[in-house]
Amino acid sequence: MRSIVLIGLGFLFFLLQITATSATEYVVGGNKGWDLYPELYYWPNGKHFKAGDVLIFNYRNPPYTVEAVNESQYINCNAMGHPKKVYTSGHDRVVVHKGLNYFICGNIDYCMYGMRIAVNATK
């Protein structure tokens, strides 16, 4: 009887670990996707991201791209030719890391219009 209880507790612990570490997928911009509209800038507000969550960027290329950048590049809407990563597939899946994650459209005019997001992921 004791071994059955221990096995059951072990299985329960395993299920809790899977649940605790499962990633959530977010479609950036919701139904509108990664597109040119000013509200996109505010899309992360009210969401609780965790390290390991996946951002799905849906967009048309051309004219859009996604660039993972640092804070300065995000603020200036310019990766200065040195983004961390450039995505161009039109359906990109990006895993966020703990802390601030910055993304901009590679076109500076679109970025300045609001086509950029900052995602803060907790542990």
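In strand β7 of this predicted model, Tyr102 is the bridge partner of Val69. This pair offers a convenient point of entry, for it belongs to the contact between two strands: β4, which covers residues 66-69, and β7, which covers residues 99-104, are joined by three bridges and run antiparallel. In general, the strands of a sheet pair through backbone hydrogen bonds, in either a parallel or an antiparallel manner.

Strands β4 and β7 are part of an open sheet of five strands, whose order is β2-β8-β7-β4-β5 and whose pairing is mixed. The edges of this sheet are formed by β2 (49-50) and β5 (85-87); each has a single partner strand, and therefore one side of each has no neighbour in the sheet.

Strand β4 also contains Glu67. This residue is buried but takes part in no salt bridge, and the nearest side chain of opposite charge, that of Arg116, is 12 Å away. A salt bridge would require a side-chain nitrogen of Lys or Arg within 4 Å of a carboxyl oxygen. When neighbours within four places in sequence are set aside, the residues in contact with Glu67 include Tyr102, Phe103 and Ile104, as well as Ala79, Pro83, Lys85, Val86 and Gly106.

Several of these names return in the surroundings of Gln73, a residue of helix α2, which spans residues 71-76. Gln73 is buried, with a relative accessible area of 4%. Apart from residues up to four places away in sequence, Gln73 touches Asn78, Ala79, Met80, His82, Pro83 and Ile104. With Ala79 there is a polar approach: a polar atom of the Gln73 side chain lies 3.0 Å from the backbone oxygen of Ala79. As for Ile104, it is 31 residues from Gln73 along the chain, while the C-alpha atoms of the two are separated by 8.5 Å.

A further sheet remains to be described. It is open and consists of three strands in the order β1-β3-β6, again with mixed pairing. Strands β1 (25-27) and β6 (91-95) occupy its edges; because each has a single partner strand, one side of each is left without a neighbour in the sheet. From one strand to the next, the twist averages 20°. Within this sheet, β3 (residues 54-58) and β6 run antiparallel and are joined by five bridges. Here Leu55 is found opposite Val94 of β6.

Conventions. Residues are numbered from 1 along each chain as its sequence is written. This is a predicted model: local features need pLDDT of at least 70, side-chain atom pairs count only at pLDDT 80 or more; totals for chains, interfaces and linings use all residues. Side-chain values use heavy atoms; hydrogens and water are left out. Two strands pair if DSSP finds at least two bridges between them. Helices (H or I, at least four residues) and strands (E, at least two) are DSSP runs, numbered from the N terminus. Axes are lines fitted to C-alpha atoms, for helices over the stretch in contact, and angles run from 0 to 180 degrees between N-to-C directions. Buried means under 20% relative accessible area, exposed over 50%, partly exposed in between (1.4 Å probe, protein chains only). Contact means heavy atoms within 4.5 Å. A polar contact is a pair of N or O atoms within 3.5 Å; within protein, one must be able to donate a hydrogen and the other to accept it, and residues adjacent in sequence count only if both atoms are side-chain atoms. Lys and Arg count as positive and Asp and Glu as negative; His and the chain ends are not counted.
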